[in-house]
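Please open the structure in your viewer and keep the selection tool at hand. The tour moves from one selection to the next and describes what is found at each stop.

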Amino acid sequence: MATKGMSVVCTGRGAGFASRVSRLAFLFLAVAAPAAASAFDSDEWLGKRELLSREAERLQAAYTSCVARIVAPAENVTLPVESHPDGSVKSSIAASGAQFFLDTGFVWGTNVVVRQMSTNGVVEAEVTADSCVVDRHTRSGWAEGHAHARYLKNEVEGDGIYFSFSEEFVTIYANTRIRAEDQKFDTTAIGMGKSRKGADAGADAKGGARDAEIVARRTDLDRKAGVVLFEGDVRVSDPEYALGADRLFVFLDGTNALKRIVADGNVTLTNGTRSASCARAAYVKSAGRVTMYGDGPQRARLVEDSHRRDEVEGRKITFWLDSEQVEVDGATLTVDGGAFGGKDGALKLMGK
């Protein structure tokens, strides 16, 4: 049975489907990364990203030039790149073989480990690569071929990595894979409402900690702004869900906590029998709200397909995690004959 209306609001005990589809909101709580964030200007940030992309091109060309000039690399070299105000080493490069180019300020190295450290010497970030070049003047570098980067418990790998110590910015240009370890995710608190036993129950007892993995063609991590952008066939997965999009923005605050997530372009989300699709989706943690947007003929859509099939679609679908309320603009609601008390119950639910 299908029914249409300009707006649908589902709430309370009578909104069985609202309760079930609101649980899809947990799909947006996936990733954590460095940083401090303020008000975000997407045009300004994308402009900065473009400038740093040009810097990456310069360093990639410098890498090729340095390789052509290598004569007699020094062995087992460790070199400070930047210092904290108290004089302690903030960043360094270590290599099994290194060539110094005094005329340009470049250092080329093989079997390289680049580290960034706190004032007490704890390693906060690390890039390892078969070979790379570092510009000591700009405190930035290019890692050729396959490389790994690690920030706290977040590990990134890919092909071709640009990094800037001064801008606290990393770009992985191809075949990005990110593993975010031990993400704290209390499924009960945000409406999953499942009572699980065995090994899964043990994970829940520890606060829902589990690993998440994100795959994309390119990733930009801006620690200063608290922004992470995954771009190109983005896939997020962990043991409980999967998310896909053309582009995924993650925004964090100064304590590394998630503030909001925006998924854009061909967004899909699945969790067992629950699924969703839309043109764009946004999760705002402080409001406990997820909003899914349609675009022209592509409408936002939520589906529960277990022992019966319930489905809602519209221009915009908003749901709140705490109240399990769902609001749909320009709605088409399709329910199994037994859902909402059948057709009469569905019409009553929409005020008809």
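Select strand 12 (residues 241-252) together with strand 13 (residues 258-271): the two run antiparallel and are joined by nine bridges. Strands here are DSSP runs of E with at least two residues, and helices are runs of H or I with at least four, both numbered from the N terminus; two strands pair if DSSP finds at least two bridges between them. This is a predicted model, in which local features need pLDDT of at least 70 and side-chain atom pairs count only at pLDDT 80 or more, while totals for chains, interfaces and linings use all residues. Residues are numbered from 1 along each chain as its sequence is written, and side-chain values use heavy atoms, with hydrogens and water left out.

Within this pair of strands, find Leu252, which stands opposite Leu258 of strand 13. Next, colour strand 12 by burial: nine of its 12 residues are buried. Buried means under 20% relative accessible area, exposed over 50%, and partly exposed in between, with a 1.4 Å probe and protein chains only.

Now select Phe249 and Phe251. Their ring centres lie 5.8 Å apart and their planes meet at 15°, so the pair is stacked. Rings of Phe, Tyr and Trp (its six-membered ring) pair if their centres lie within 6.5 Å; planes under 30 degrees apart count as stacked, over 60 as edge-to-face and the rest as tilted. Phe249 is buried at a relative accessible area of 10%, and Phe251 is buried at 5%. Add Arg260, whose charged end sits over the ring of Phe251, 4.0 Å from its centre; this requires NZ of Lys or CZ of Arg within 6 Å of the ring centre and within 35 degrees of the ring normal.

Which residues do ring pairs link into a cluster with Phe249 and Phe251? They are Trp45 and Phe169, both of them buried.

Move on to the largest nonpolar core, which has 55 residues; Phe230, Leu248, Met292 and Ile317 touch the most other members. The largest share of this core, six residues, comes from strand 12. Apart from it lies another core, of 20 residues, with Phe249 among them. A nonpolar core is a set of buried Ala, Val, Leu, Ile, Met, Phe, Trp, Tyr and Cys residues joined through side-chain atoms within 4.5 Å.

Finally, display the whole protein, which has four helices and 19 strands. Of its 352 residues, 48% count as buried.
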